[in-house]
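Let's take a walk through this structure together, beginning with one helix and working outwards. Have the model open beside you as you read.

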Amino acid sequence: MDTDLTTRILNNPKYQELRAKRWAFGWWLTLAMLVVYYGFILLVAFNKPFLATRLGEGVTTIGMPIGLGVIVFTIVITGLYVRRANSEFDALTEQIVKGALK
Amino acid sequence: MRGRCDIVCPLLSLAALLGVGGAAWAAGADLGQAEKQATNWTAISMFAVFVVGTLFITKWAAARTKSAADFYTAGGGITGFQNGLAIAGDYMSAASFLGISAAVMVGGFDGLIYSIGFLVGWPVVTFLLAERLRNLGKFTFADVAAFRFEQTPVRVFAASGTLVVVAFYLIAQMVGAGQLIKLLFGLEYWIAVVIVGALMMVYVLFGGMTATTWVQIIKAGLLLAGASFMAFMVLYSFGFSTEAMFAKAVEIKTGIASAAGKAPGEAAAQGFAIMGPGGFIKDPISAISFGMALMFGTAGLPHILMRFFTVPNAKEARKSVLWATTWIGYFYILTFIIGFGAITFVLTNPQFLDAKGGLLGGGNMAAIHLANAVGGNIFLGFISAVAFATILAVVAGLTLSGASAVSHDLYATVFKKGHADGAMELRVSRLTTVALGIVAVALGIAFEKQNIAFMVSLAFAIAASANFPVLLMSVLWKDCTTRGAVIGGFLGLASSVLLTIVSPSVWEATLGHPKDSALFPYASPALFSMTIGFVGIWLFSVLDRSRRAAQDRAGFLNQQVRSETGIGAAGASGH
């Protein structure tokens, strides 16, 4: 890739917009994933009785929905990113690429 | 446990894999030896059907495998959905199917903690790496890591990282294959290892990435279908009430505890223990360190990273991780239900138990016996055949990734300085495949009686401490230099291996030193070795004032624009 092209893209406000949006979105989601996962691990390490608290009359504990919740959260958060990236971010990228190569 | 290896310890033992084991896990590992069983013809014929089917696919794939690009990346023509299934097929090993369901049977909730660790790396891969990998890379993750750096040193590092991870992972799979097949099919250990080695060589040698991908897709489909059926049957028998399933499991565990002579109160507590966290995580440092190895190791496994180059563009790369995450997450929910199903169906049925109340054939037979309980002998044969197919698919992916590190990174880039002839490069990858196949069989036989349970966790720790930091820093940090990446990467590699050797799971369990003599007390080195890797990369980059360093830094903006827009990225079939 030649440096002219790079400079042109770097100065394109659309590219700056894409970059800012994607960075913010990607890092917030990464942070959310880290908080959820290490939150869960720290709960396991420091507060085992809490996870073993029964929900209502039966034997089902609060740990079960929390554990399954982490799995579902992992899938959902990945889906959120992919949906936005494959529509909004890719549309922006396409405009940038078209603008740069014409 | 010294030198003694039952079915559980090689591939599957969660106890040593986790190190943080505790009594329940250690007991799980001692449940049984891999005794050769009567020859199981149902399982063997179903496996034969799978082999014949995959050989036809290999023949078809061979006709399409003409260039190096076809061999390494199936010509970049795999769709996101297909690749997602193939990634899931690469990732859902026999260890996760048999090992996690067995772990749930023994420890209940603790098994869930373990599978969650294996899942949470995927979003990180998606957010930070997937599209950048696709936009920068061609065949191997070294293409990405070395993009703006001096090729030779970074390629040598990346090839070392790849081969070390692949070697440990391969040994674990081969030994596991031998033990498992001896158990399920009633074949001799060495025959099983040779069959796995030979079939894997055929797939990779003739069909390259196309055949490997389809073997992984088919295996993922079969495994997901079989596991879904088992989980469905378990839930069905409880009227689709998880509460009823949990209650029954607690009742059975309580019964087992009182039969072992526990007082009623104590027995009830022991029965209820499966509903919450138990001995899995002892100290917070081990917990966090182990969590880091699993989370970031996923993002540094070479055979997984390589799969991102098989799709045509960044959009498909993202779709493939979403599909992979969905299937793998769904699979872990299934194994959880299967584990509880094993408590209620298998632990209560004398048909599956030996005289001491342990599982026939060893602790990891939980899912296999459950298959028999819910689906009879035919379904048992099906699940056994799927377990064999699972190992084959994982081993083929590993071999392909090792072969491309040698032919693409070392031969074509380091020795031929990027001027290798495509046909010659392809020949080198095929020769390497044969060599790796022979080495894998030899190591599989050599390690038969060794306790190698630490190898999978070691592979994850190395991937997290060496490959992942170099990849991440080279892609995201503009001041990273060749020297920083190579020194930091090797420091991460060396420290993760050394700390594992002096940790309890190797120093005490494998090398036989007395208890509590291990210098490094924690379950996983990742917290420390990842820090060493990252700090090493940062420090040696910051201190680097060489001319090459200026060039490395100057190349960042070009790399950034390409990684984020895909301009100039290798096209679907043009690479």
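Start with helix α13 of chain B, residues 242-259: at 1.5 Å a residue, its 18 residues should span 26 Å, and the end C-alpha atoms are 26 Å apart, which agrees. The expected span here is 1.5 Å times one less than the number of residues, and helices are DSSP runs of H or I with at least four residues, strands runs of E with at least two, numbered from the N terminus. Please keep in mind that this is a predicted model, in which local features need pLDDT of at least 70 and side-chain atom pairs count only at pLDDT 80 or more, while totals for chains, interfaces and linings use all residues. Residues are numbered from 1 along each chain as its sequence is written, and chains are lettered from A and ligands numbered from 1 in the order in which they are written.

Which residues of α13(B) are buried? They are B:Met245, B:Phe246, B:Ala249, B:Val250, B:Lys253 and B:Thr254, where buried means that 20 or more other C-beta atoms, placed from the backbone, lie within 10 Å of a residue's own (exposed is 12 or fewer, partly exposed in between). These residues cover an arc of only 165 degrees around the axis, so they sit on the same side of α13(B); the arc is that of the directions from the helix axis to the C-beta atoms. An α-helix has 3.6 residues a turn, so residues three or four places apart point the same way. The cover over the buried residues of α13(B) includes α12 (189-237), α14 (264-272) and α17 (314-346) of chain B. After α13(B) comes B:Gly261, with a positive phi near 95 degrees.

Now step back to the chain as a whole. Chain B has 25 helices and zero strands, and 66% of its 575 residues count as buried. Its C-alpha trace spans about 75 × 50 × 45 Å along the principal axes.

For a closer look at one spot, find B:Thr65 in the loop between α4 (41-64) and α5 (68-73) of chain B. B:Thr65 is buried, with 23 other C-beta atoms within 10 Å. Leaving aside residues up to four places away in sequence, B:Thr65 touches B:Asp70, B:Phe71, B:Gly207, B:Gly208 and B:Thr210, a contact being two C-beta atoms, placed from the backbone, within 7 Å.

Finally, turn to the partner chain. The contact takes 44 residues from chain A and 46 residues from chain B. On the side of chain A that touches chain B, α4(A) gives the largest share, 19 residues.
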